[in-house]
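Biologist: I'm new to this one and would like a close look at a single part of it. Could you walk me through it slowly?

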Amino acid sequence: MALSTTRELMTTAADASRGQGAFNVIHLETAEALVAGAEQAGLPVILQISENCVAYHGALEPIGLACLAIARRASVPVSVHLDHAESEDLALEAVDLGFGSVMYDGAHLDYDENVAATARVARYAHDRGVYIEAELGKVGGKGGAHAPGVRTDPAEAAAFVAATGVDALAVAVGSSHAMTSRSAELDVELISRLAAVVEVPLVLHGSSGVSDENIVAAIRAGMRKINVSTHLNGFFTAGIRDYLRADEAVVDSRKYVGAGRSRMAAEAGRMLGLFALQQGPSSSH
């Protein structure tokens, strides 16, 4: 299966009224785990590289090209996406590297500046056939930078999409980034109102803090791209911890990192099935 575009995956999800999983890459082994999980589930996945991930690796190109190579070898459709880029230059670099999509995050700007910057990135991306996501109504939890309780206004969201030409919109509906408990309550009624007036797919950021039941309700209300990072990272870390507890003498990092990779793959596959509405929500995860 060749590398897919995010547009292809999102169009398929929207046409089927289901959710498309978009999972964050931290390093090579997480990319491998996420694709393995997608292959186990027989479902597509979007690999996401955040601006924070780029900072960790020191540059976009090495981890970006690695993810593109993994995607090309996958037996299911896989696209590669730049997540939460506040730098316009970084967004343009991802387009030039061959990413299927970029998210330009201008939510830290005032509304008019956000529109202008997002439109610039959108034009560059569209001229090269690349899908673009943006954010309106700051999604909370990033280092405490955003006030709690922020919600995206439907009329403003519709106007923002029309003014910028973006292909997908991340909206604030009650979730927060980096949550380690799945206790966030989504405003499903607001999701329905947004889906009724916004003509592009809606994106749920901060899904790690949302229960299976709430995610399924959000998808049924019109949410289409479901971003997960912290929740899956927890499975990776738990696999490593369990291995090291069982074998304190191990020195070959491939053994315990491999255990983390396997644990993450299983949960990634389960979540993809949940988002595709192929299985009922479970309270055990």
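Biologist: Let's start from one residue and work outwards: is R270 buried or exposed? And once that is settled, please take me through the surroundings.

Modeller: Happy to. One thing to keep in mind throughout is that this is a predicted model.

R270 is buried, because its relative accessible area is 12%, and the cut-off for that label is under 20%. You'll find R270 in helix α11, which covers residues 253-275. The side chain of R270 has a polar partner there: a contact of 2.9 Å links it with the side chain of D212. D212 belongs to helix α9, where it is one of the buried residues. So let's follow that link over to α9 and look around.

Helix α9 spans residues 212-221. Seven of its 10 residues are buried, so the helix is mostly covered. The buried ones are D212, N214, I215, V216, A218, I219 and A221. What lies over them? The cover includes α8, α11 and the strand β8, residues 223-228.

Take the α11 side, since that is where we came in. The axes of α9 and α11 come within 10 Å of each other and cross at roughly 40 degrees. That angle makes α9 oblique to α11. From α9, the residues taking part are D212, I215, V216 and I219, and they meet R270, L274 and F275 of α11. By class, that contact has five nonpolar residues, two charged ones and no polar ones. If the spacing of those numbers looks familiar, there is a general reason: an α-helix has 3.6 residues a turn, so residues three or four places apart point the same way.

Now turn to α8, which covers residues 188-197. The axes of α8 and α9 come within 8 Å and cross at roughly 25 degrees. With that angle, α8 counts as roughly parallel to α9. The crossing is right-handed. On the α8 side you can pick out V188, I191, S192 and A195, and on the α9 side A217, A218 and A221. The residues in this contact divide into six nonpolar, one polar and no charged.

Right after α9 comes G222, which has a positive phi, near 130 degrees. Positive phi also turns up in residues other than glycine here. One of them is L277, with phi near 60 degrees, and L277 sits in the segment after α11. L277 is partly exposed, since its relative accessibility is 32%. Another is S17, whose phi is near 55 degrees. S17 is in the loop between α1 (6-16) and β1 (20-24), and with a relative accessible area of 39% it also counts as partly exposed. As a general point, most residues other than glycine have a negative phi.

Back to the strand side for a moment. β8 helps to cover α9, and its range, 223-228, takes in K225. The side chain of K225 makes a polar contact of 2.6 Å with the side chain of Q48. Q48 lies in strand β2, residues 45-50, and it is buried, with a relative accessible area of 0%. A second polar contact, this one of 2.9 Å, joins the side chains of Q48 and N24. Leaving out residues up to four places away in sequence, Q48 touches A22, F23, N24, V25, H81, D83, K225 and N227.

For another buried spot, try L68 in helix α4, residues 60-73. L68 is buried because its relative accessible area is 1%. Again leaving out residues up to four places away in sequence, L68 touches L3, V80, L97, G98 and F99. L68 and S79 are 11 residues apart in sequence, and their C-alpha atoms are 7.8 Å apart in space.

Finally, step back to the whole chain. It has 11 helices and eight strands. Of its 285 residues, 54% are buried. Among contacts between residues at least 6 apart in sequence, 71% join residues at least 24 apart. The link we began with, between R270 and D212, is a polar contact between side chains.

Note on methods
Residues are numbered from 1 along each chain as its sequence is written. This is a predicted model: local features need pLDDT of at least 70, side-chain atom pairs count only at pLDDT 80 or more; totals for chains, interfaces and linings use all residues. Side-chain values use heavy atoms; hydrogens and water are left out. Helices (H or I, at least four residues) and strands (E, at least two) are DSSP runs, numbered from the N terminus. Buried means under 20% relative accessible area, exposed over 50%, partly exposed in between (1.4 Å probe, protein chains only). A polar contact is a pair of N or O atoms within 3.5 Å; within protein, one must be able to donate a hydrogen and the other to accept it, and residues adjacent in sequence count only if both atoms are side-chain atoms. Axes are lines fitted to C-alpha atoms, for helices over the stretch in contact, and angles run from 0 to 180 degrees between N-to-C directions. Angles under 35 degrees count as roughly parallel, over 145 as roughly antiparallel, 65 to 115 as roughly perpendicular and the rest as oblique. A crossing is left-handed if the near helix is turned anticlockwise from the far one by less than a right angle, and right-handed if clockwise. Contact means heavy atoms within 4.5 Å. Ala, Val, Leu, Ile, Met, Phe, Trp, Tyr, Cys and Pro count as nonpolar, Asp, Glu, Lys and Arg as charged, and the others, Gly among them, as polar.
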